[in-house]
Amino acid sequence: MTHELKNFIAGRWVASDSVFEKRSPFDGSLVAHVHEASRDMVSEAVERGRDVSIGTAAQTWGNLPQKRRLAIIHDFAAKLMERVDDLVEAEVADTGRSYWQARNFDGARAAGLFKAYADLAAGLETRSKPFDTPGGQALWYTARRPKGVIACICPWNMPLLMACMKVAPALAMGNAAILKPSEETPSSATILAEVVASSDIPDGAFSLIHGFGSGSAGGFLTAHQDVDAITFTGESGTGSAIMKVAADGLRDVSLELGGKNAAIVFGDAVMDRVAEGVQRSAFFNCGQICFCTERAYVHRSRFDEFVDRMAGVARGIVVGQKDQNGFSMGPLISQTHREKVVGLLDTVKPDGGEFVSGGGVPQFGDERDNGAFVEPSIAIGLSEDARFVREEAFGPVMHVAPFDDEAEVISLANNTRYGLATSIWTESLNRAHRVAPQIRVGHAWINSWQMRDLLSPLAGVGISGVGDQGGQRSLEFCSQPQTITTRIFGDDP
Ligand code: NAD
């Protein structure tokens, strides 16, 4: 069934004259007609958002007693949980991933963030201190006020999870959240809006706008001067463009951006664990997770063994099974993205490398040939300045290179302007904890990959991000600290 996805602005479903198609990356079939928000629609969402967060109607949301606001979010979270099957269906339709993946990594895990952030906000402590002044005594304490309107701009790789990670802390702190999902993944965000419509969250505290970036909903939103802060996840280039726009009006940004992450495999690593962990880190979600490994550095003594193991694993991966109960690899998000990934694969041989697995596009002989599949691809033999080793592909691709000693591999892993994540594989506790802090990344995993408490902080280094997010840090980003000082007189008049 083809859905009609409208904007949800200040409590109303709003259609647009401009409608675009969302097609399935699994088989090219039509998933939805999506209504692109106009500049006026975005302005209405922002203005109504300001009103209920820090404006004349703030008593309905931003100034509501915290206990009442968090109770409303808890009710909303319970209603969202009732729609988990629909959310899973929406993620599968938009991204082409398997039901197994959408059930285990998206659905309830993402929806659960609303309850988690409401609980965290309830326990958020502020600071206070009595101090002496020339005239006597005084006391200061800090309060946290809503910032106002928070623009939540999301990528397509984990659409529901990213949306919840941004909207939940924004609402918990009394802001208005305006969600702009990727044009590639509009469906689960629309279900989120349906649940808001059936909840006690007041009109304007949450709006959903569909569309593209520059010259469309994303561009209109970031440029609006009544947007008080922007939380963005996406490509580094887009993050940089958004930061420039936010400079106008000196508005706050939190940017979670791309990566070119390295796995480091030392000579003493247990190969069974490495093979399982690194193949997941390279190929999970078709390599479309910002933490995915695209470079592996392996101690020369284990290089051939690692390459053989990984090539075997990659060749054994089932591609294109939506209903498989376990790991199978889905498509990339779109034909356009596949062109980018294949463009990088095509540089490998001319640049002097070779593929030990994959390197191209699979042929199925059925409707999946209209999708956006690519083979899990492992290359070796490239120099460090090759495009395949330097540029983020955001696909199921990895280059493997040997190293001889610890200092060399630290320098190789850090030889990038990105700095998002790494995974270090060794049985030596000392080496693991000696090396991890020397890799300039926001998250280092030891003998694991993407074991992540969603409330833990994440801060990308270099072109991988600005500011940090996760748990308390997200609540702090979504609120304005205010210091209140009172004098304490020695006597009463
Ligand atoms: P993207 O930058 O193309 O788009 C992200 C979002 O921004 C979309 O909603 C898009 O419509 C919007 N957008 C694009 N241009 C805009 C503009 N000028 N103004 C306002 N909005 C604009 O990214 P993508 O292709 O959707 O996602 C893939 C990227 O996201 C990869 O680089 C990946 O590494 C990164 N990512 C990072 C993290 C992290 O936590 N660091 C997590 C997931 C994805």
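Arg 280 is partly exposed, with 26% of relative accessible area, in what is, I should say at once, a predicted model. Its side chain forms a salt bridge with Glu 276, and the closest N and O atoms are 3.2 Å apart. Glu 276 is likewise partly exposed, at 43% relative accessibility. Both residues belong to helix H10, which covers residues 271–283, and they stand 4 residues apart, about one turn of the helix.

A second pair is found in helix H5, residues 113–122, where Lys 115 and Asp 119 are 4 residues apart, again about one turn of the helix. Here the salt bridge has its closest N and O atoms 3.0 Å apart. Lys 115 has a relative accessibility of 44% and counts as partly exposed. Asp 119, at 38%, is also partly exposed.

Let me turn to a pair of another kind. Asp 226 and Arg 50 meet through their side chains in a salt bridge, at 3.7 Å from N to O. Asp 226 sits in the loop between helix H8 (217–223) and strand E11 (229–233), while Arg 50 is in helix H1 (residues 39–54), so this pair ties together parts that are 176 residues apart in sequence. Asp 226 is partly exposed, with a relative accessible area of 27%. Arg 50 is partly exposed too, at 26%.

In total, the structure holds 24 salt bridges. There is also a network of salt bridges, which links Asp 268, Glu 406, Arg 431 and Arg 434.

I come now to the division of the chain. Domain 1 consists of residues 3–257 together with 460–483, and domain 2 of residues 261–446. The centres of the two domains, taken over C-alpha atoms, are separated by 31 Å. To the contact between them, domain 1 gives 28 residues and domain 2 gives 35 residues.

How much area do domain 1 and domain 2 bury between them? The figure is about 2,500 Å², and 64% of it is on carbon and sulfur atoms. Three residues deserve mention on the side of domain 1: Phe 26, Trp 100 and Trp 156 supply 27% of the area that domain 1 buries against domain 2, more than any other three residues.

As for charge and polarity, the rule finds 0 salt bridges across the interface of domain 1 and domain 2. Between the two domains there are, however, 9 residue pairs in polar contact. On the side of domain 1 that touches domain 2, the elements giving two or more residues are helix H3 (84–95) and helix H4 (99–111). Helix H4 makes the largest contribution to that side, with 4 residues.

The next topic is the nonpolar interior. The largest nonpolar core has 64 residues, and those touching the most other members are Trp 61, Phe 114, Leu 171, Leu 179, Leu 192, Phe 206 and Phe 291. Helix H6, residues 159–172, provides the largest share of this core, 11 residues. Where does this core lie in relation to domain 1 and domain 2? Domain 1 and domain 2 both give residues to the core, so it lies between them.

Leu 192 may serve as an example of the packing. Apart from its neighbours within four places in sequence, Leu 192 is in contact with Phe 76, Leu 80, Phe 114, Leu 160, Ala 163, Cys 164, Leu 179 and Phe 206. There is also a second, separate core of 59 residues, with Met 310, Leu 345, Val 409 and Leu 412 among its members.

Finally, I would draw attention to two residues in one loop. Asn 447 is located in the loop between strand E19 (443–446) and strand E20 (465–466). Its phi is near 50°, a positive value in a residue other than glycine. With 31% relative accessibility, Asn 447 counts as partly exposed. Gln 450 has its place in the loop between E19 and E20. The phi of Gln 450 is near 55°, which is likewise positive in a residue other than glycine.

To conclude, I return to two points on the predicted model. Domain 1 and domain 2 bury about 2,500 Å² between them, yet the rule finds 0 salt bridges across their interface. The largest nonpolar core receives residues from both domains and therefore lies between them.

Note on methods: Residues numbered from 1 in each chain as written. Predicted model: local features only at pLDDT ≥ 70, side-chain atom pairs only at ≥ 80, totals over all residues. Heavy atoms only, no water. Salt bridge = Lys/Arg side-chain N within 4 Å of Asp/Glu carboxyl O. Buried < 20%, exposed > 50% of the residue type's maximum accessible area, 1.4 Å probe, protein only. Core = buried A, V, L, I, M, F, W, Y, C linked by side-chain atoms within 4.5 Å. Domains from an automatic or database assignment. Contact = heavy atoms within 4.5 Å. Buried area = accessible area lost by both parts, 1.4 Å probe. Polar contact = N/O pair within 3.5 Å; in protein donor to acceptor, adjacent residues only side chain to side chain.
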